[in-house]
Amino acid sequence: MMIRCVAIDDEPLALQQLVTYISKVPFLELAAKCQSALEARQFLEHDTADAIFCDINMPDLNGMDFVKSLVAPPLVVFTTAYSEYAVEGFKVNAVDYLLKPFGLQDFQRAANRLKDRLMNTSAADISLTSHPSPLTSDDDTLFLKTDYRIVKVCIGDIRYIEGMSEYLKVWLDGKTKPIITLLSMKKMEERLPDFFMRIHRSYIVNLTKIQEVNKNRIILDANTYLPVGDLYKEKFQVYLNTRFLGK
């Protein structure tokens with residue numbers, strides 16, 4: 001299991017320390033390093049991460065308020081020089097809390113807790129797949145729980161699905177904001193019909209919505225480009241070959 005991480009700290013030396021420690025843990029992968037919560041928010045709007053290591057005391061937007069502002073935050077490990085934030089940090093369901101200055105051993109402990117949390121979530125998803133899904137109705141629709149509501153979704157209206165740790169963003173035709181639901185990519189992939197394909201660890205696309213394929217990118221419209229991951233290239237190429245006309 002590889003855990004994609006975002007390191008966030010406004011102090012360059014502290015940020016570099018996070019980056020160095022992430023590189024020393026075999027199951028952690030650095031997705032981005034950011035010097036502000038605003039920079040991290042911009043990254044998460046266009047990409048995904050399983051976890052963030054986030055300083056609390058930062059200008060413009062502190063780490064605690066940043067995490068609270070996220071609709072579906074990744075797993076969080078807070079870092080700070082001020083111990084009084086510990087209790088508040090755990091109120092937002094932080095996995096761990098690192099008090100500066102911390103060493104590699106402390107960081108490894110937090111990383112192991114992240115791994116345990118993600119593995120437990122995955123095990124729960126596998127257990128759920130052995131039972132009929134309460135989220136489905138007939139072959140043309142899904143019922144998804146979001147923000148304490150259950151909404152009906154026409155499968156044909158789904159453009160693509162974006163994975164965010166244990167949450168999914170379901171992007172629909174004619175909607176500027178996605179439906180965010182607590183569900184695994186695996187469970188969603190099993191429910192969808194054949195005209196959907198997993199093209200990346202973080203994306204499932206409705207093949208009927210593709211307008212163009214440019215190298216390793218799928219283009220749905222002028223503003224929506226989805227990457228094709230290395231593990232999924234061969235399967236996607238087979239799909240293209242069966243429909244390709246020309247020399």
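**View 1. Strand β8, a mostly covered strand.** Start with β8, which spans residues 158-164: seven of its seven residues are buried. Keep in mind that this is a predicted model. On one side, β8 teams up with β9, residues 167-172, and six bridges hold the antiparallel pair in register. Look for Tyr160, which sits opposite Trp171 of β9.

**View 2. The turn between β8 and β9.** Here the two strands make a hairpin, with two residues sitting between them. One to pick out in the turn is Ser165, whose phi is positive, at about 55°.

**View 3. β8 meets β12.** Strand β12 covers residues 203-206 and also pairs with β8, by way of three bridges. The two run antiparallel. To find your way around, go to Glu162: its bridge partner in β12 is Tyr203.

**View 4. An open sheet of five strands.** Now for another part of the model. Reading across this sheet, the order is β2-β1-β3-β4-β5, and the pairing is parallel. At the edges you'll find β2 (28-34) and β5 (96-99), each with pairing on one side only. Leaving direction aside, neighbouring strands here are turned by 20° against each other on average. As a bit of background, strands of a sheet pair through backbone hydrogen bonds, either parallel or antiparallel.

**View 5. β1 beside β2, with two helices packed on the sheet.** Zoom in on β1, residues 3-8, which runs parallel to β2 and is joined to it by six bridges. Ile8 and Cys34 of β2 stand opposite one another. Helix α1 (residues 12-24) packs on the sheet and touches β1, β2, β3 (51-55) and β4 (75-80). The direction of α1 makes about 165° with that of β2. Helix α2 (residues 37-46) packs on the sheet too, touching β1 and β2. For α2, the angle with the direction of β2 is about 125°.

**View 6. A cavity inside the model.** How many cavities of 30 Å³ or more does a search of the whole structure find? Just one turns up. The largest cavity holds about 40 Å³ of space. Around the largest cavity you'll see Leu44, Asp47, Thr48, Ala49, Ala72, Pro74, Met164 and Ser165. Sorted by class, that lining has five nonpolar, two polar and one charged residues. Some of these may look familiar: Ser165 belongs to the hairpin turn of View 2, and Leu44 lies within helix α2 (residues 37-46) of View 5.

Key: Residues are numbered from 1 along each chain as its sequence is written. This is a predicted model: local features need pLDDT of at least 70, side-chain atom pairs count only at pLDDT 80 or more; totals for chains, interfaces and linings use all residues. Side-chain values use heavy atoms; hydrogens and water are left out. Buried means under 20% relative accessible area, exposed over 50%, partly exposed in between (1.4 Å probe, protein chains only). Helices (H or I, at least four residues) and strands (E, at least two) are DSSP runs, numbered from the N terminus. Two strands pair if DSSP finds at least two bridges between them. Axes are lines fitted to C-alpha atoms, for helices over the stretch in contact, and angles run from 0 to 180 degrees between N-to-C directions. Contact means heavy atoms within 4.5 Å. On a 1 Å grid over the protein atoms alone, a cavity is a set of points where a 1.4 Å probe fits but cannot get out, and a pocket is an open set with protein on both sides within 12 Å along at least five of seven lines; lining residues have an atom within 4 Å of a point. Grid points are joined across faces, edges and corners, and a volume is the space filled by probe spheres set on the points. Ala, Val, Leu, Ile, Met, Phe, Trp, Tyr, Cys and Pro count as nonpolar, Asp, Glu, Lys and Arg as charged, and the others, Gly among them, as polar.
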